[in-house]
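I opened my notebook and looked through this structure one piece at a time. My entries follow.

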Amino acid sequence: MVQIKGTDRGSLVNKGSKVTVGLRDWGYPGFLTEDEYAVFEAFRQEVFSDRRRDNFRSTVFSFGRANEEVAYALCRWLRARKYNLSETIKMVEEATECTDAPRKHNFFPDPSKALLVERSLYIKQYPQIYYGHAKNGCPVFISQPGRLNIDAIGCLTSIPNIINFHWYAMMHEFVDALHLQHKSSGGKFKRYECVCILDLAHLTPSKVGKRQLNITKVQSTIDSLCFPETLNKMVIVNAPGFFSMTWKLIRGWIDQRTSSKVEVVGAGKEKLLKKLSNFIDPDELPSDYGGNGKSIADFLKKDMLRVAESERQVGSTLKLEDEDPCLISFKGHTSRVINVQNHKAVKLSFLTRTLVGCKIIVKQMNNNGNVLSSINVIHRGMDDDDENEIPTRYNLEDYGVILYGPDNYEIEFKSNGGRYKHINVMMAIKKYVVDDEKNLASARVLHKSIPQAAIGATDGNVSICTGVFSPTDSQKILVKASPHIERKMTVLAKRQAQLTHHHRSQDLTETDNDECRRVPPTIKRVTEGKQVHEASSLHLLKKDMSKLGQNYLLCDSPQRSQPKICGIFQNPCD
């Protein structure tokens, strides 16, 4: 077997036999005893033996993308099992099995896809971020479990998706931070660990319940099994009185080496800065703890805006300015008022896991309470208490509604379960700046219509059907998906209907329970974008007919559906 650089006896064994190795250096390369080196060499041969598959080695070298040296990686695993060879091998085997499923998904490189909701919405309910580096080069990880809003998280995502997100955090976010420090230090950074600030501000006994602890337990189980020995130091700040008493008891139960890494500090920016600046430069510390860096809120907002701008569609007239997730928890009836300033716009989304559901009515207050939208928000799952299920989401934009300013809007919530049933709905408020005033007027016309109703054309047999459509209804149609439709298409529909004899229409396939089989609808036009481009009706019809081909189902209840579609139909169902 070829000797790998840094794994020879001279590089690993403590040079002076009389030199006492401190707790913080025990088990690291350069500080091993002869017995520990013998275990190291046996483990190295096991890892690189032919009987071990690639996944076994990939588990051991989980930070390989960040250029972690072989000796330091092997020693991490051996320290976790106190240089017991058989126990270390068993641990790696269990970790390999644990990482098998997420490895098939490349450990979920897109955090929002891992969560199935925007990361920015989730992270505000449970702030956990990597923020700069400590003086020893270790990435600084900040966790604020006292701000964990378990009911809000329940409306946003599921436990399996939180686990997926944690794989992303460790295998992408943490690895990227390690790689950055390795590169900036010219390879001198070798101990791939993190400094953790555990902020317990706002933590109360009621927030240490079974549901909250379940999330923490899942994350810590993954870390201790698959990413051993990655804690360099933990500082617990803003600790409430009940925790300080508990920590004094816990500290006596854990081994001395682990307890030496943990320190509890009180509250107050001056006190925190004095302690934290011993190992974190003030420029690398958020202002929340007396440092010179951005506050955690500003740090999260900057990251949210960066992601939004990278995902912004070409030609979009709306630029994200801020985001405000608001948990609506109520019985019977409640309402909220949203003020939208001039040259601003707001998009609303509603997420829930309640099977009873509620009706949400959006009213334009400055226009005599004109109703813009009325949708029934109901969880489409099987059990509203099963946190393994994905919550159900409704985007008002899918119903053609965006709130434009200057105006005030009232959002009414009416429980379907009466005044005694408790309802939780997350209202995600995304605030935009309208950066293209030329399109503002037409956009306001479109998004202040009631999207769930068919808009009739003047000839009586052509209408525009808008919204999102469900796979539970009877009419199968062959069209291209589209999230929006414009009022201008009412006029185009009439013109295109007159051109039907020039082109072959696509008949809709009827099913056995079709209530409209006497007059099968035919597609006249489907649009893929928000804008109707200047062109002749004949040109538009030819263009749209060439796009047909993907199966979707027509629905008479848009609020219950998932796939997005809209179009103009001739002789539609009532």
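**Entry 1: a buried tyrosine**

I looked up Y289 first and found it buried, with a relative accessible area of 1%. Buried means under 20% relative accessible area, exposed means over 50%, and partly exposed is in between, using a 1.4 Å probe and protein chains only. I am working with a predicted model, where local features need pLDDT of at least 70 and side-chain atom pairs count only at pLDDT 80 or more, while totals for chains, interfaces and linings use all residues. Residues are numbered from 1 along each chain as its sequence is written, and side-chain values use heavy atoms, with hydrogens and water left out.

Where does Y289 sit? I found Y289 in the loop between α13 (269–276) and α14 (296–311). Helices (H or I, at least four residues) and strands (E, at least two) are DSSP runs, numbered from the N terminus.

I then listed what Y289 touches, leaving aside neighbours within four places in sequence. Its contacts include I142, I197, D199, V237, L272 and I296. Contact means heavy atoms within 4.5 Å. I also checked Y289 against K274: they are 15 residues apart along the chain, and their C-alpha atoms are separated by 9.6 Å.

**Entry 2: the whole protein**

I stepped back for the totals. The protein has 17 helices and 20 strands. Of its 574 residues, 50% count as buried. Among contacts with a separation of 6 or more, residues 24 or more positions apart account for 77%.

**Entry 3: the cores**

Next I looked for nonpolar cores. Such a core is a set of buried Ala, Val, Leu, Ile, Met, Phe, Trp, Tyr and Cys residues joined through side-chain atoms within 4.5 Å. How many residues does the largest one have? I read 94. Those with the most contacts inside it are F40, F43, V60, Y122, I197 and Y289. Helix α9 (residues 159–184) gives the largest share of this core, 11 residues. Apart from this core lies another, of 26 residues, with V346, C358, L372 and V401 among them.

I picked F43 for a closer look. Not counting neighbours within four places in sequence, F43 contacts V60, L74, W77, L78, L85, T88, I89 and V92.

**Entry 4: helix α9**

I turned to α9 itself. α9 has 26 residues, and 19 of them are buried, so I noted the helix as mostly covered. From first C-alpha to last, α9 reaches 36 Å, close to the 38 Å expected at 1.5 Å a residue. The expected span is 1.5 Å times one less than the number of residues.

Where does α9 bend? I found a bend of about 35° at A169. The bend at a residue is the angle between axes fitted to the seven residues ending there and the seven starting there. After α9 comes G186, with a positive phi near 65°.

**Entry 5: two helices crossing**

I compared helix α5 (residues 85–104) with helix α10 (residues 210–226). Their axes come within 9 Å and cross at roughly 130°. Axes are lines fitted to C-alpha atoms, for helices over the stretch in contact, and angles run from 0 to 180 degrees between N-to-C directions. α5 and α10 are therefore oblique to each other. Angles under 35 degrees count as roughly parallel, over 145 as roughly antiparallel, 65 to 115 as roughly perpendicular and the rest as oblique. On the α5 side, M91, E94, A95, C98 and T99 make the contact. On the α10 side, S224, L225 and C226 do.

**Entry 6: backbone details**

I checked phi for F108 and found a positive value of about 55°, although F108 is not a glycine. F108 is in the loop between α5 and α6 (111–115). Is F108 buried or exposed? F108 is buried, at 14% relative accessible area.

H202 also has a positive phi, near 70°, and is a residue other than glycine. H202 lies in the loop between β3 (194–199) and α10. At 49% relative accessibility, H202 counts as partly exposed.

Which residues does a cis peptide bond join? I found G405 and P406, with omega about 0°. P406 lies in the loop between β12 (403–404) and β13 (407–415).

**Entry 7: two strand residues**

D407 is in strand β13 and is buried, at 5% relative accessibility. D407 and N366 are 41 residues apart in sequence, yet 6.2 Å apart in space, C-alpha to C-alpha.

My last lookup was M234, in strand β4 (residues 231–237). Not counting residues up to four places away in sequence, M234 touches C196, L198, K261, V262 and E263.
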